Amino acid sequence: MMKKLKISIITLLWITLMSCNGNSDKADGYGNFEATETTVSAEANGKILFFNVEEGNVLEENALVGVIDTIQLSLKRDQLQAAKNTIFSKSRNVLSQREVLKEQLKVARNDQHRIVNLIKENAATPKQLDDVNGQIEILKQQMKSVETQNAPIVNEVKGIEVQIQQIEDQIQKSIIKNPIKGTVLVKYAEPNEITAFGKPLYKIADLDNMELRVYISETQLANLKTGQEVEVKIDDADNMKSYKGAVSWVSDSAEFTPKIIQTKEERVNLVYAVKVFIKNDGSLKIGMPGEMWIGRGSQ
């Protein structure tokens, strides 16, 4: 019995020693590569007339990739433009009346000025001045009446102009432009399909700039800060391929270790999420596992 106990103790010590020796070659964090994925959705309703998107394509920012049918929108815009012109013709008639009244008011004021001078020379009577003053007041009231008639017409024109701007905006949104430079991951639509506002068209991500999300223990936090250079490794045949990375984010709250990257015994541990920014040389893929090594990035 004692012999078996001694063997068990020796075995346990050997395993412990090997584990300690192995820790020197153990990465400081394990995780998977991520990229910011953007789902591009339709901003208009209608038939897709043109859609030049394929999975794996690299698209430039603001590149034209599709067009949704805008015939009905164009017809509605033309209809509103015609209504606006009709209302403008009414406004022109009212404004022409105002111009006539302005000229009459100008003449009346000249007469007023002349009569005032004549009264000073006793060449005109106060009644003549009263008559011209009364005429001026009548013309002012007539001008106010004309302007009152024109106000609803102006407001109506403004309302139509707002509708035309809305149509123009909808037409502009019927032209599908790629929002960011990146690689198409998934294609959801095809030409000649009917789409609707908010319906996904394709998913794109910038694969030139990747992030490795890893998890570290509380004791490792003191050795890590945002902007710090670290080393990132991935499996590459028989060896490990290394990249230079920079810590872009460190979580300020702990969480339970994700099951996908740790053993069952370690799942109950509290860890902190960390994101490491890496320039992709084409070898890194979304979801690929990776390792982070602290203190080796500058070596």
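Which helix is included in what covers the buried residues of α2? Keep that in mind while selecting; the answer comes at the second stop. The model on screen is predicted.

**Stop 1: helix α2**

Select residues 71-120, which make up helix α2. This helix has 50 residues, and its first and last C-alpha atoms lie 73 Å apart. The expected span is 74 Å at 1.5 Å a residue, and the helix comes close to that value.

Now pick out the buried residues of α2: L73, L80, K84, I87, S91, V94, L101, L105, A108 and I115. A lysine, K84, and a serine, S91, are listed here beside leucines such as L73 and L80. An α-helix has 3.6 residues a turn, so residues three or four places apart point the same way.

**Stop 2: helix α3**

Add residues 126-173, which form helix α3. The cover over the buried residues of α2 includes α3, which answers the opening question. On the way from α2, stop at N122, just after the end of α2. N122 has a positive phi of about 60°.

Within α3, show the side chains of D169 and K173. They form a salt bridge, with N and O 3.3 Å apart. The two residues are four positions apart in the helix, about one turn. D169 is partly exposed at 37% relative accessibility, and K173 is also partly exposed, at 32%.

**Stop 3: K187 and its partners**

Next select K187 in strand β7, residues 182-187. Is K187 buried or exposed? Its relative accessibility is 14%, so K187 counts as buried, the cut-off being under 20%.

Show E54 as well. K187 and E54 form a salt bridge, with their closest N and O atoms 3.1 Å apart. E54 sits in the loop between β3 (46-51) and β4 (58-59), so this pair ties together parts that are 133 residues apart in sequence. E54 is partly exposed, at 42% relative accessible area.

Then add E190. Its side chain meets that of K187 in a salt bridge, 3.2 Å from N to O. E190 is partly exposed, with 39% relative accessible area. With E54, K187 and E190 on screen together, the view shows one network, joined by salt bridges that share partners.

**Last view**

To finish, show the salt bridges across the model: the count is 11. Among them are the pair D169 and K173 in α3, the pair K187 and E54, and the pair K187 and E190.

Methods: Residues are numbered from 1 along each chain as its sequence is written. This is a predicted model: local features need pLDDT of at least 70, side-chain atom pairs count only at pLDDT 80 or more; totals for chains, interfaces and linings use all residues. Side-chain values use heavy atoms; hydrogens and water are left out. A salt bridge is a side-chain nitrogen of Lys or Arg within 4 Å of a carboxyl oxygen of Asp or Glu. Buried means under 20% relative accessible area, exposed over 50%, partly exposed in between (1.4 Å probe, protein chains only). The expected span of a helix is 1.5 Å times one less than its number of residues. Contact means heavy atoms within 4.5 Å.
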